[in-house]
Amino acid sequence: MSYLTYIFPIAAALGVVCMAWRWMPIFSDPLQPGPEAEEAPPRPRKPLSFAAPGGRVTRRDALLALLITLAYAAAAFTGLGNTESPQSFCKFSERGRYVEIALPEETEITKIRYFCGLHTGSYRVQLSLDGTSWTDAGSLEQSYTEIFKWMDSTEEDFTPGRARYVRLVASDELWLGEIALYGADGGRIDTAELGYDAGCAPLFDEQELVPETSTYMNSAYFDEIYHPRTAYEHIRGVYPYEITHPPLGKLIIAAGIELWGLTPFGWRFSGTLFGALMLPLLYVFLKRMLGSSGIAACGTVIFAFDFMHFVQTRIATIDTYAVFFTLLMYLFMWLFVSGVAFGLGAASKWTCIYAGAGLAVIWLIYWVTQRRREGFWRDFLSNCAFCLLFFVAVPCAIYYASYYFYGTARGLGGGVGMFFTEDYAKVVWDNQVYMWEYHSDLVAEHPYSSRWYQWLVDARPILYYLVRFDDGTKSAFGAFMNPIFCWAGLLAVIANAILAVKDRDGRALFIVLGYLAQLLPWVL
């Protein structure tokens, strides 16, 4: 059990205490009448506002946000994944390609451990005592669920046998990383004594990286079989396998791989970094909206140590970038930066389009409330032109440009001129049609799937990883929200809805509309 198991609940509890302490002044002794007991005059209807006075970020705020972010980053990057993994691959260019491995002497081959690279298929294993007559001993699978994982030959698919020579025959175009052969005593056969063609040297050039067992620290897990694979395919100029989401999120993952190599730490780095960067964004957001450094700090601490945020940002999926850009959109709602963030978010995952719809509703409500002010039509039409440029044209351009590596993988040549070709436009359009049809017709079941109404009360977590070891122990983790914050947060949303209607509170309305923009599309 990790030390983080203890740190996170304690930190979450401290966050609750801090928040309660901050709010204590709102409670008064009912036996001691004060100014509140006097009948207050009716309050005038206040203009709709989405920000609080005193929301300027000070040096103190910057220091608080920095300290929270650094504390979170230290925890998030600890134990993220191995920083070393096979980087070279033996590339089988087509079906039937094979490699032969000569053993120093006749040996019992009991197991083969191998690291799966790109593409899917299998390797037929053949054994020979003389290098002339070959016997099929089974196969090593490399399905789409095994990409970038250390795998072991199974008893069902591989029959141990004596051999002086070993041959691996590819069923399709396949990339295979390191392999390790194990003898009768269960030990790994020394590669220094093996003989093999120069073409299969990548299979034995990083033997020091062969692990004792496959874990999430050295292999991909859950949806990492899709997104890091696509990221690496973009790097290598291969047309991507996973095209059910827009490209930008995978390109951000690719940046981490370029920095740290094709390693678990490398493909998880960008998501973890963006998870940490969300914290100062949220701090500024809360300070501008509520005007209180204490509340901004408490809210950011709560978010930093929420279970869902911690787990979700440490797995190499694209959801982190959607949340990051959504925060950015709402923070800079009235500035062009929001439109840029909208384009970046939509190019990462379509859920950001839902957030954009929420912004559009907030924008419309704002202008409806301003309709009686002087110069309304001039300001409204000017803002419409601004929005058409920065919330329509710019996001569309960003989204369109994000398919650059799709085009180069299709042999369209690259360069700025490629964007203006009919072939590039077709690549982009065809993917939109495919994504829409894929998600519209998707009926796949997941044993840990949940319904939208279960999200509201944290009723059903999702299991991301489970491995049982031979000694009876297991390694497992899942994703769910801190129940205290989830249930309190749901009550807070309801309270904000009441405030928005009863007191015409613009900040409460802003929160409720942003919340519903992310929830209602899944309800419908």
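Here's a quick tour of this chain, from its overall make-up to its cores and one of its sheets. Keep in mind that you're looking at a predicted model. The chain has 524 residues, and 46% of them count as buried. Along the way you'll meet 16 helices and 11 strands.

**The chain as a whole**
- Take the contacts between residues at least 6 apart in sequence: 76% of them join residues at least 24 apart.
- The accessible surface adds up to about 27,200 Å², and carbon and sulfur atoms account for 62% of that.

**The nonpolar cores**
- In soluble globular proteins, nonpolar side chains tend to be buried together.
- Here, the largest nonpolar core holds 91 residues.
- Helix 5, running through residues 264-290, gives the most to this core, with 11 residues.
- Which residues have the most contacts inside the largest core? They're F148, Y232, W267, F325 and Y330.
- Leaving aside residues up to four places away in sequence, F148 touches a whole list of others, including F115, L118, P228, Y232, L262 and W267.
- There's also a second, separate core of 29 residues, with C90, I112, L127 and A163 among them.

**A four-stranded sheet**
- Four strands line up in the order 1-8-3-6 to make an open sheet, with antiparallel pairing.
- Why do strand 1 (90-92) and strand 6 (150-152) each have one side without a neighbour in the sheet? They stand at the edges and each has a single partner strand, so that side is left open.
- From one strand to the next, the twist averages 35°.
- Strand 1 and strand 8 (residues 174-182) run antiparallel and are joined by three bridges.
- C90 has L176, in strand 8, as its bridge partner.

Conventions:
Residues numbered from 1 in each chain as written. Predicted model: local features only at pLDDT ≥ 70, side-chain atom pairs only at ≥ 80, totals over all residues. Heavy atoms only, no water. Helix = DSSP H or I, 4+ residues; strand = E, 2+ residues; numbered from the N terminus. Buried < 20%, exposed > 50% of the residue type's maximum accessible area, 1.4 Å probe, protein only. Contact = heavy atoms within 4.5 Å. Areas by Shrake-Rupley, 256 points an atom, 1.4 Å probe, with all protein chains shown as cover. Core = buried A, V, L, I, M, F, W, Y, C linked by side-chain atoms within 4.5 Å. Pairing = 2+ DSSP bridges. Axes fitted to C-alpha atoms, helices over the stretch in contact; angles between N-to-C directions.
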